[in-house]
Amino acid sequence: MTLLRMDNVGIVVDDLDAAIAFFEELGLELDGRGQVEGDWVDRTVGLTGVRCDFAMLRMPDGRGRLELAKYHSPATIDMVPPNPPHNTLGMHRVMFAVDDLDDTIDRLRRHGAELLDGVGHFDGGFRLCYLRGPSGIILALAQQI
């Protein structure tokens, strides 16, 4: 077996249009939208009666993609507790490298993003922050300095 690539990261959101606008502001490009439903989806994701809108966004360099999904049925389930801290088990964040951390934070704040705390420095070579975006998504940003 040979692993070929990581195709995409999927995130369930409650407002698809707001999430698309948020990630477009970050620099991802909308690659397409659609809807899925039917037995094959139910079987694939292990749910019954799936009806889901989705959007696929791609990185500007074309190497990675992000899939956003808005479930109409079955109803989405809120995280318990809402907005769990970063040390909660499971997948938590998507990290992006940016060329101007402060400008990126300012632009994403206009879409409702909030820093979890502040900007830190890692190993003398990176400025990093974690922020919460639409649907409680934790986004990590890193600027090499």
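## The loop that holds D14

D14 has its place in the loop between β1 and α1, in a model that is predicted. With a relative accessibility of 53%, D14 counts as exposed, because the limit for that class is over 50%. When neighbours within four places in sequence are left aside, the residues in contact with D14 are K70 and S135. Along the chain D14 and K70 are 56 residues apart, while their C-alpha atoms lie 5.9 Å apart in space. The backbone oxygen of D14 also lies 3.4 Å from a polar atom in the side chain of K70.

K70 itself belongs to strand β4, and with a relative accessible area of 22% K70 is partly exposed. Not counting residues up to four places away in sequence, K70 touches V13, D14 and L16, and also R51, C52 and D53. A further closeness in space involves D15, whose C-alpha atom is separated by 6.9 Å from that of K70, although the two residues are 55 residues apart along the chain. In strand β1 lies G10, which counts as exposed at 51% relative accessibility. The C-alpha atoms of G10 and A69 are 7.3 Å apart in space, and these two residues are 59 residues apart in sequence.

## Aromatic rings

A pair of aromatic rings is described by the distance of the centres and the angle of the planes. There are two aromatic pairs in the structure. In one of them, F22 and F23 meet edge-to-face, with 5.1 Å from centre to centre and 90° between the planes. The other joins F23 to F96, with ring centres 6.5 Å apart and planes at 55°, so this pair is tilted. The tilted pair ties together parts that are 73 residues apart in sequence, because F23 lies in helix α1 (residues 16–26) and F96 in strand β5 (residues 93–97).

Taken as a group, F22, F23 and F96 form one aromatic cluster. Are the members of this cluster buried or exposed? F22 and F23 are both buried, and for F23 the relative accessible area is 0%. F96 has a relative accessibility of 10% and therefore counts as buried, since the class takes in values under 20%.

## The largest pocket

Rolling a probe the size of a water molecule over the atoms shows where empty space is left. The largest pocket has a volume of about 870 Å³, and 31 residues line it, with V12, V13, I77, M79 and S135 lying nearest its centre. The elements that contribute two or more residues to this lining are β1 (9–12), β4 (65–73) and β5. Of these elements, β1 gives the largest share, which amounts to three residues. Sorted by class, the lining of the largest pocket holds 18 nonpolar residues, eight polar ones and five charged ones.

## The second largest pocket

The second largest pocket contains about 230 Å³ of space. Its lining is made up of 14 residues, and those nearest the centre are V36, V45, C52, E67 and Y71. Two or more lining residues come from each of β1, α2 (39–45), β3 (51–58) and β4. Which element gives the largest share of this lining? That element is α2, with four residues. The lining of the second largest pocket divides into eleven nonpolar residues, two polar residues and one charged residue.

## Backbone details

Most residues other than glycine have a negative phi, and most peptide bonds are trans. Against this background, the bond that joins S73 and P74 is a cis peptide bond, with omega at about -15°. P74 is found in the loop between β4 and β5.

Positive phi values are found at D123 and S135, neither of which is a glycine. For D123 phi is near 55°, and this residue is found in the loop between β7 (120–122) and β8 (126–132). D123 is exposed, with a relative accessible area of 70%. For S135 phi is about 60°, and the residue is found in the loop between β8 and β9 (138–144). S135 is partly exposed, with a relative accessible area of 34%. As described above, S135 is also in contact with D14 and is among the residues nearest the centre of the largest pocket.

Methods
Residues numbered from 1 in each chain as written. Predicted model: local features only at pLDDT ≥ 70, side-chain atom pairs only at ≥ 80, totals over all residues. Heavy atoms only, no water. Phe/Tyr/Trp six-rings, centres within 6.5 Å; stacked < 30°, edge-to-face > 60°. Buried < 20%, exposed > 50% of the residue type's maximum accessible area, 1.4 Å probe, protein only. 1 Å grid on protein atoms, 1.4 Å probe; cavity = no way out; pocket = protein on both sides within 12 Å on 5 of 7 lines; lining within 4 Å. Points joined across faces, edges and corners; volume = space filled by probe spheres on them. Nonpolar A, V, L, I, M, F, W, Y, C, P; charged D, E, K, R; others polar. Contact = heavy atoms within 4.5 Å. Polar contact = N/O pair within 3.5 Å; in protein donor to acceptor, adjacent residues only side chain to side chain.
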